[in-house]
Each structure stands twice: as C-alpha cells, then as structure tokens.
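Subject: Structure handover

Hello,

Here is the structure you asked about, with the sequence alongside. My notes on what was found follow below.

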Amino acid sequence: MIKKQKGMELNSVYCMDNLELLKQLEDESVDLIYCDILYNTGKKFKDYDDKLGTPQQAIEWYRPRLIEMKRVLKDTGNIVLQCDYNLSHYLKVEMDNIFSLNNFKNEIIWLRTKAGKTIKNNMAKDTDSLLWYSKTSKNTFNIQYTEQVSESTLKTYSKDDNDGRGLYATQPLQKPSNPTRGTIYDYVDNTGKVWKCPKKGWRMVEQKLRALENDRRLVMTGKTLRQKVYLNERKNKGKVVSNLWDDIANIGGKENVDYFSQKPKKLLERIIKSFSNEGDIVADFFCGSGTAMVVAKELNRKYIGCDINPRAVEITEQRLKEVNGADG
C-alpha cells in the first residue's frame, strides 16, 4: 500500500514530492541520507524523465531540497549524493555553500562498468560520483575493507554446522611432501576409531591433531581426516577501501533489474556500513526501486523512502516484503 499520509513513520515509503516530505520531518532526525538523484541527462527513460532544464535550473530545483536535507540531518549524520558529470561540479559548489566546504569529506568515484564503450572523439564515460558531506565534524564513519577473498574462493566456504561458527571449508591433513619427524602415526580418535597414517604422514604432530578434534575442527567421515577452516577466522581483512570503488560491478544481467536505474546491493551495503550504525535511520528521497531501503532493513537500520513515481514505490514495497525479518 502506497503511503500518502502526513507526518513521518519510520520504515515507510512515501509516494509524493520529496520536498513536501522533507518539510514534514523533524530537525536532526536522520542519520544518513543517500540519494541517487536525477542526473539531468535530458533523457526520457522508461521509469522517469531525467529532465530539469539547464544546469542552473537544475540547481535551483535542488537548492530547497538540499537545505531541508541539511536541516533533518543529525549532527553526527552524513549525506551521500550520487550523480555523474552532468551535474557533479555544479552540485558540489551548491553543497559547499549549504553544508560548508569544511564539511566536504570526499568525492567517491564508482567505476560502474568496465565495458569501455567507444565514443566518437571522446573517452568512455564509465564512472559515477558520490559526493559525501557531513553535518559537523562529529560524523559517523566506519572503515571498510575490500572483500577478503574472491567470489570463486567464497564458494568453497559452503559448509555450516549451525553451531555459531559460521561457514567453513575443509582441507586435507595428509602431507603433500616427504614426512617429517613426529608426523608418522596411526591416529586413534576419541571414540577409539583408528585412522591409518597417510602415505607421507600427517601435516602435524599427534598432539595438535588431538587439539583439533577436541575443538570440533575435524571432519571425521570418509577414508581420512580433514580439517575445518572457518571463513570468519581468515587473517586477511583485505585492503582498506579508498575513494575509488572499482570492485563493485553494476547490475547488468547479474541481478533481477526491476527499475532502469537500479543500483547493486553491494554498493549500498558499503555506503550504509560506512556512514551509519545499526539502529540508525537511513533516508532516500529519490528511492527508485528501493535498494537503499532493502539494504538498510537487511543491515538492521530503520529507513524512510520517497519517490514521486507510484511504480517505484510499488516495486520498493514489494522488495521490502521479501526481506527477512519484521520492520521495527
């Protein structure tokens, strides 16, 4: 059901002009504002018209909305506006005036595609800009890391004993090279079963193998023992995320695209984890297909969404219904 009532209800999506909704929100009531705004490309898309006039006219349209966004943002809050070359430099000047140049945190560049489509007498336009500002110097910020392992490696961590230790893979315990001292023995497990020594011996001495068994880290089925290796215990956290995000692919054919400008969940996961904490309120006043709302719910944040397009709101609400867990 599309909500059109006045006043703010958390975990709701409103079908209305975002300026009208913003005027109804209380001062300092939102922790993170993320908006994939109108880029002002001058084009008409299936789901909406991306036409605001000249860049100057577009900024005039944005100005009262930006002023209201600053008002509703908490002192610890962040705002991230996603745009491209059509408006990024005009928008930054306006944001500097409203939020203060001192509160400009960074311009994040997202490489949305590596296709490198050829343009006559020009270079491929493959990036978006995310302009990040804070309300004050007390803003929330959580360092993020790139994925620890590749997608292909993650597929190997597919086992889970549902014991709270999480996903794990298994690795052999027999030595791949010549045996060393103390690794040639038949292992008698705690039940009395005898596991014959591999041809080249075990990878460790008996005392360490016993410790693995006592810690429930052995797979004791099949012809030989294997060791459990847990994903969340990997030492490599990955690299600290910089302002160049070239490791998140656009949706393309990888996800079900409900809406023309739908963004990948991984992009919103990084934004929401970076600039908010669990229990915070995330707002998207250009919510489109609602990816920000869906990810906020999955990450235990409260949310408020808005779009003037009824179809966008319907898609968002349907996606939210499919997310596990109740709103609250």
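The accessible surface of the protein chain comes to about 17,700 Å², and carbon and sulfur atoms account for 49% of that. Please keep in mind that this is a predicted model.

Overall build

The chain has 8 helices and 15 strands. Its radius of gyration is 26 Å, while the globule rule gives 20 Å for 328 residues, so the chain is more spread out than a compact globule. Along the principal axes, the C-alpha atoms fill a box of roughly 80 × 50 × 40 Å. Of the 328 residues, 44% count as buried. If you take the contacts between residues at least 6 apart in sequence, 67% of them join residues at least 24 apart. On charge, there are 55 positive and 45 negative charges, and their mean positions lie 8 Å apart.

The sheet of 8 strands

One open sheet contains 8 strands in the order 1-15-14-2-5-7-6-13, and its pairing is mixed. Its edges are strand 1 (12-15) and strand 13 (244-245), each of which pairs on one side only.

Strand 14 (residues 281-284) is the part of this sheet I would look at on screen. Strand 14 is joined to strand 2 (residues 30-36) by 2 bridges, and these two strands run parallel. In that pairing Ile-33 stands opposite Ala-283. Strand 14 also runs parallel to strand 15 (residues 302-307), with 4 bridges between them. Here Val-282 has Tyr-303 as its bridge partner.

In a regular strand, side chains alternate between the two faces of the sheet. For strand 14, both faces are covered: Ile-281 and Ala-283 are buried on one side, and Val-282 and Asp-284 are buried on the other.

The mixed pairing shows up again at strand 6 (residues 104-111) and strand 7 (residues 127-134), which run antiparallel and are joined by 7 bridges. Ile-108 stands opposite Leu-130 in strand 7.

Strands 8, 11 and 12

Strand 12 (residues 226-230) pairs with strand 8 (residues 168-172) in the antiparallel sense over 5 bridges. Gln-171 has Gln-227 of strand 12 as its bridge partner. Strand 12 also pairs with strand 11 (residues 218-219), again in the antiparallel sense, over 2 bridges. Val-219 stands opposite Arg-226 in this pairing. Strands 11 and 12 form a hairpin with 6 residues between them, and Gly-222 in the turn has a positive phi of about 85°.

Two buried helix residues

Leu-209 is in helix 5 (residues 206-214). Its relative accessibility is 0%, so Leu-209 counts as buried. Leaving out residues up to four places away in sequence, Leu-209 touches Leu-173, Tyr-185, Tyr-187, Trp-202, Met-204, Leu-218 and Leu-225. Among these, Leu-218 belongs to strand 11 of the hairpin described above. From Leu-209 to Tyr-168 the C-alpha distance is 18 Å, with the two positions 41 residues apart in sequence terms.

Ile-98 is in helix 3 (residues 88-99). Its relative accessible area is 13%, and since the cut-off for buried is under 20%, Ile-98 counts as buried. Apart from neighbours within four places in sequence, Ile-98 is in contact with Arg-63, Leu-66, Ile-67 and Lys-70. Ile-98 and Lys-265 are 167 residues apart along the chain, and their C-alpha atoms are separated by 29 Å.

Two asparagines with positive phi

Which residues have a positive phi although they are not glycines? Asn-40 is one, at about 60°, and Asn-162 is another, at about 55°. Asn-40 lies in the loop between strand 2 and strand 3 (43-44), whereas Asn-162 is found in the loop between helix 4 (151-154) and strand 8. Are they buried or exposed? Asn-40 is buried, with a relative accessible area of 10%. Asn-162 is exposed, with a relative accessible area of 69%.

That is the end of my notes.

Regards

How values were computed: Residues are numbered from 1 along each chain as its sequence is written. This is a predicted model: local features need pLDDT of at least 70, side-chain atom pairs count only at pLDDT 80 or more; totals for chains, interfaces and linings use all residues. Side-chain values use heavy atoms; hydrogens and water are left out. The radius of gyration is taken over C-alpha atoms; the globule rule is 2.2 Å times the number of residues to the power 0.38. Buried means under 20% relative accessible area, exposed over 50%, partly exposed in between (1.4 Å probe, protein chains only). Contact means heavy atoms within 4.5 Å. Accessible areas come from the Shrake-Rupley method with a 1.4 Å probe; for residues, only the protein chains shown count as cover. Lys and Arg count as positive and Asp and Glu as negative; His and the chain ends are not counted. The place of a charge is taken as NZ of Lys, CZ of Arg, CG of Asp or CD of Glu. Two strands pair if DSSP finds at least two bridges between them.
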